[in-house]
Amino acid sequence: MAVKRTASEEKMQALGLVSDSDFVFHLPLRYEDETQIHHIADIYPGQVAQLEGVVENVAVSYGHRKQLTATFKDATGKISLRWIHFYGSQKAQLEKAGLIRIRGEVRGSSMWGYEIIHPKISKAGQSLPQTLTPVYPSTEGLTQPVLRKAILAALSRVDFKDTVPEEIKEKFHLPSLKESIFILHNPSQHENTYALLDKTHPAWQRIKFDELLAQQIALYLARQARTQLNAPKLTFDDTLLFDKVLKTFGLPLTAAQQRVIQEIKQDLLKPYPMHRLLQGDVGSGKTIVAALTAALVLQNHQQVAIMAPTEILAEQHFYKMKKWFEHTSIEVVWLSGSLKVKEKREALEKIQSGEAQLIIGTQALIQKGVEFANLALMIIDEQHRFGVGQRLSLSKKGEDSQLDIVPHQLNMSATPIPRTLAMSYLADVDVSIIDELPPGRQTILTKLMLNERRDELLNHLRVECQSGKQVYWVCPLVEESETLQLQTAVDTYQYIQEYLPDLKIGLLHGRMAAKEKAQVMQAFANRELAILVATTVIEVGVDVPNASIMVIEHAERFGLAQLHQLRGRVGRGDIASVCILLYQNPLSNTAKYRLKALHETNDGFEIARRDLEQRGPGEFLGLRQSGEQLLRFADVHSDANLVEKAREGAMLFLQHYPELAHQHVERWLKGKTDYLRS
Ligand code: ADP
Ligand code: MG
């Protein structure tokens, strides 16, 4: 017989609260300290204060907005109260309320006086709670007392089997799981309130440690699983192809480029598939490393694929590879979603027969229907641009198309990922870093300019372009609507064309046909265009070394990493480059922070650090779309030291208690380990 659920139960289920253990691990977001009454003389802005006193001067005012106001007084001072939403009867109620207790966030300043908006009101003189009051994550219509009751009930029933062995608990001075959970749900007034609030309390540490430990164990398991797979067999005795490509490239490699190629080579000789991330700031020369790595593998008569997130970038890689492999017998093939049916069929046939050896393309490369003859290496450029799902489908693809041979994988990214973040999210990935730019680069000068000076800037660009310089003009991001963004680009293009009739101006945006885009890019690369007006389609990878001026309109709307990437389109040759960030006042604080950061530094690592500080890891790694929160309690940024400990603990755990280790992962990650394979 089906049990009928109450409305509250349904709401709890929607929050994922079904079993006792779900409830027990539904931990407070924060606590409210209702254990004491504050004095008005001691309160400060931002504090959630609990006061006892009387109400005076209750009045309804009809300014630009109708509101209810009052003065609240205790023995030490007075503050204002204000209601924007209120009932007609509320005024009269307040007037005869007498001594009451109120609670709310203090706003204002000591100079102009404090106020509380919409205070919570209760009877004065009630006994105060002895413990901090937990505030749980909840949903509309599910009150804290109801949730709290359900959690307390679950606490009395649940089996608190501690999956972490004594040895590890002792080593890292961890309290027991049961004790920790009880403290978190019911902290006594003797507990260190601040430690509970900022989650440094040992009870919180235990929970976070457990979660990170599970993650680290899962990482080791993922790596172990990978070492059980078979990779294509490769040898590097013959370097003919490598030498040819290098010769066509024509420039000496930087020491960093040489080093990463050696690191990659070591991996490619192993019997199990490589999983390496090549990091290097924008302009550090990752593409030639990809080409040379490809050459090493192609020499073994096996296929290599290079995948890029945008059509423009993929196409640019295609032309580069064609050029670099020109004097070889390698057949370079292009595959993208925009190919005509017949061209696509031909490409697919060549890929399946093995006639196509080096295959360049977009996501089309990992779609159904693409069968490789003998894919040995997949290179993914700007890897962070692909969603987690896409990265997964790639590794699965490799597995089933090759039966028992899994291709090597080289990911490339200009977004440096801080160590702790890489350690906890980036699966089992080895990292190589190009920490040096090719010689002769000049630092890009970054200028901030008010949007009102746009025409002045255009006059200046006229002169610059007449002397042969080339400009990217990036149109503002319009988050709400792609159509609107397109329109802005077209308008800007027309405006600049009219303003600078003597100059050749080009337009590039995402809705153009692939062929048109390629033509415009080619014209710009050939210096036939002086100014390229573009949407963010040019954000990643695009490489036209002669372009030395980057103008970004409404720079305040872009994210930090995005601005750094865009700026990286210039400063690629030996011409001194400038990046002009046009902005519109008023600026929000975050926008100010971003523009300031960009103005202050060109260093991608520093920018990434500041970006992470602002946005948090999920968004930073492009995991936001996946909608899945990977860690519930720990934060790899603020809990960096715990990540290190968890890593050490995980190794111990797996070596001595493999059975328990699996149970531990199951408890904490419940089927969320798939991302670790990406
Ligand atoms: P990214 O790492 O951002 O992908 P690219 O591979 O596009 O950078 O390289 C940026 C520019 O630097 C390209 O024009 C490339 O030809 C050039 N480049 C790469 N390596 C060297 C080198 N060793 N010496 C001189 N120029 C180089
Ligand atoms: Mg690149």
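A residue counts as near a molecule here if one of its heavy atoms lies within 4 Å of it. Keep that cut-off in mind as we walk through this predicted model, starting with ligand 1. By that rule, 20 residues surround ligand 1. The closest are Gly 283, Lys 286, Thr 287, Arg 441 and Asp 543.

What kinds of residues make up the shell around ligand 1? It's a mix: eight are nonpolar, six are polar and six are charged. If you look for the helix that gives the most to this shell, go to α11, which spans residues 286–298 and supplies three residues.

Now zoom in on some individual atoms. Gly 283 uses its backbone: an N or O atom there sits 2.6 Å from an oxygen atom of ligand 1. With Thr 287, it's a polar side-chain atom that lies 2.6 Å from an oxygen atom of the ligand. Arg 572 also brings in a polar side-chain atom, 2.9 Å from an oxygen atom of ligand 1. How much of the ligand's accessible area does the protein cover? On its own, ligand 1 has 570 Å² of accessible area, and the protein covers 90% of that.

Time to zoom out to the whole chain. The domain assignment splits it into domain 1 (7–31 + 132–198), domain 2 (36–123), domain 3 (240–434) and domain 4 (444–601). So where does ligand 1 fit in? Domain 3 and domain 4 both give residues to its shell, so the ligand lies between them. As for domain 2, its C-alpha centre is 51 Å from that of domain 4.

Methods:
Residues are numbered from 1 along each chain as its sequence is written. Chains are lettered from A and ligands numbered from 1 in the order in which they are written. This is a predicted model: local features need pLDDT of at least 70, side-chain atom pairs count only at pLDDT 80 or more; totals for chains, interfaces and linings use all residues. Side-chain values use heavy atoms; hydrogens and water are left out. A polar contact is a pair of N or O atoms within 3.5 Å; within protein, one must be able to donate a hydrogen and the other to accept it, and residues adjacent in sequence count only if both atoms are side-chain atoms. Accessible areas come from the Shrake-Rupley method with a 1.4 Å probe; for residues, only the protein chains shown count as cover. Helices (H or I, at least four residues) and strands (E, at least two) are DSSP runs, numbered from the N terminus. Ala, Val, Leu, Ile, Met, Phe, Trp, Tyr, Cys and Pro count as nonpolar, Asp, Glu, Lys and Arg as charged, and the others, Gly among them, as polar. Domain bounds come from an automatic or database domain assignment.
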